[in-house]
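Biologist: Before we discuss packing and pairing, could you put the sequence and the model in front of us?

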Amino acid sequence: MTTWAVSLTLALTRPPDTRMLFSGDVVYAGGLIDAVWPGTDRTRYIRSMRRLGELELASVFPGHGESLTGEEAQGIIRDYLGSRQGSG
C-alpha cells in the first residue's frame, strides 16, 4: 500500500497495482476539508490535491458519502485547484 500524509490527521491509501484510492476526508463530494475544517494546512492540502490530480484513478472511496469514479474525483480536484489558483 502507498500511504502519504496530508496533515497530522489525514492520510490517503492506495493499494499497489490498482487504480483505487481510499481518500478519507481528502476527496469527497461536498465542501472540501480546507474550507470546513479550521486549522487545515492549506499549502499541504493544495500540494496533495495536485499530486492526486496526477494519478490515473478508476475508483475513489471517500470517508463520507458515496464512492466516486476516477472522473468524478478528478473533476472535484480540478475544480478545487482552479478555485485556489495562485495559492500554496
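**Strands, rings and core**

Modeller: This is a predicted model, and a good place to begin is a bridge into strand 4, where the partner of Phe22 is Phe61.

Biologist: In which sense do strand 3 and strand 4 pair, and over how many bridges?

Modeller: The bridge between Phe22 and Phe61 belongs to the pairing of strand 3 with strand 4, which is in the parallel sense. The number of bridges over which these two strands pair is four.

Biologist: How many aromatic pairs does the structure hold, and what is the angle between the planes of Phe22 and Phe61?

Modeller: The structure holds two aromatic pairs. For Phe22 and Phe61 the ring centres are 5.2 Å apart, and planes under 30 degrees apart count as stacked, so this pair is stacked, with its planes at 25°.

Biologist: How far apart in sequence are the parts that the pair of Phe22 and Phe61 ties together?

Modeller: Phe22 belongs to strand 3, residues 20–24, whereas Phe61 belongs to strand 4, residues 59–62. The pair therefore ties together parts whose separation in sequence is 39 residues.

Biologist: Which aromatic pair is edge-to-face, and are its residues buried or exposed?

Modeller: The rings of Tyr45 and Tyr80 lie 5.2 Å apart, centre to centre, with 90° between the planes, and this pair is edge-to-face. Tyr45 lies in helix 2 and Tyr80 in helix 3, so the pair ties together parts 35 residues apart in sequence. As for the environment of Tyr45 and Tyr80, both are buried.

Biologist: Which side chains of strand 4 point to the face where they are buried?

Modeller: In a regular strand the side chains alternate between the two faces of the sheet. Strand 4 shows such an alternation, with Ser59 and Phe61 pointing to one face and not buried; Phe61, at 28% relative accessibility, is partly exposed. The side chains that point to the other face and are buried are those of Val60 and Pro62.

Biologist: What is the phi of Gly65, in the turn between strand 4 and strand 5?

Modeller: Strand 4 and strand 5 run antiparallel and are joined by two bridges, and Ser59 has Thr69 as its bridge partner in strand 5. The two strands form a hairpin with five residues between them, and in its turn Gly65 has a positive phi of about 75°.

Biologist: How many residues does the largest nonpolar core have?

Modeller: Val26, Val27, Met49, Leu52, Val60 and Leu68 have the most contacts inside this core, to which helix 2 and helix 3 each supply at least two residues. Leu68 is in contact with residues including Val27, Val60 and Ile76. The number of residues in this largest nonpolar core is 15.

Note on methods. Residues are numbered from 1 along each chain as its sequence is written. This is a predicted model: local features need pLDDT of at least 70, side-chain atom pairs count only at pLDDT 80 or more; totals for chains, interfaces and linings use all residues. Side-chain values use heavy atoms; hydrogens and water are left out. A nonpolar core is a set of buried Ala, Val, Leu, Ile, Met, Phe, Trp, Tyr and Cys residues joined through side-chain atoms within 4.5 Å. Buried means under 20% relative accessible area, exposed over 50%, partly exposed in between (1.4 Å probe, protein chains only). Contact means heavy atoms within 4.5 Å. Rings of Phe, Tyr and Trp (its six-membered ring) pair if their centres lie within 6.5 Å; planes under 30 degrees apart count as stacked, over 60 as edge-to-face and the rest as tilted. Two strands pair if DSSP finds at least two bridges between them. Lists of a residue's contacts leave out its neighbours within four places in sequence.
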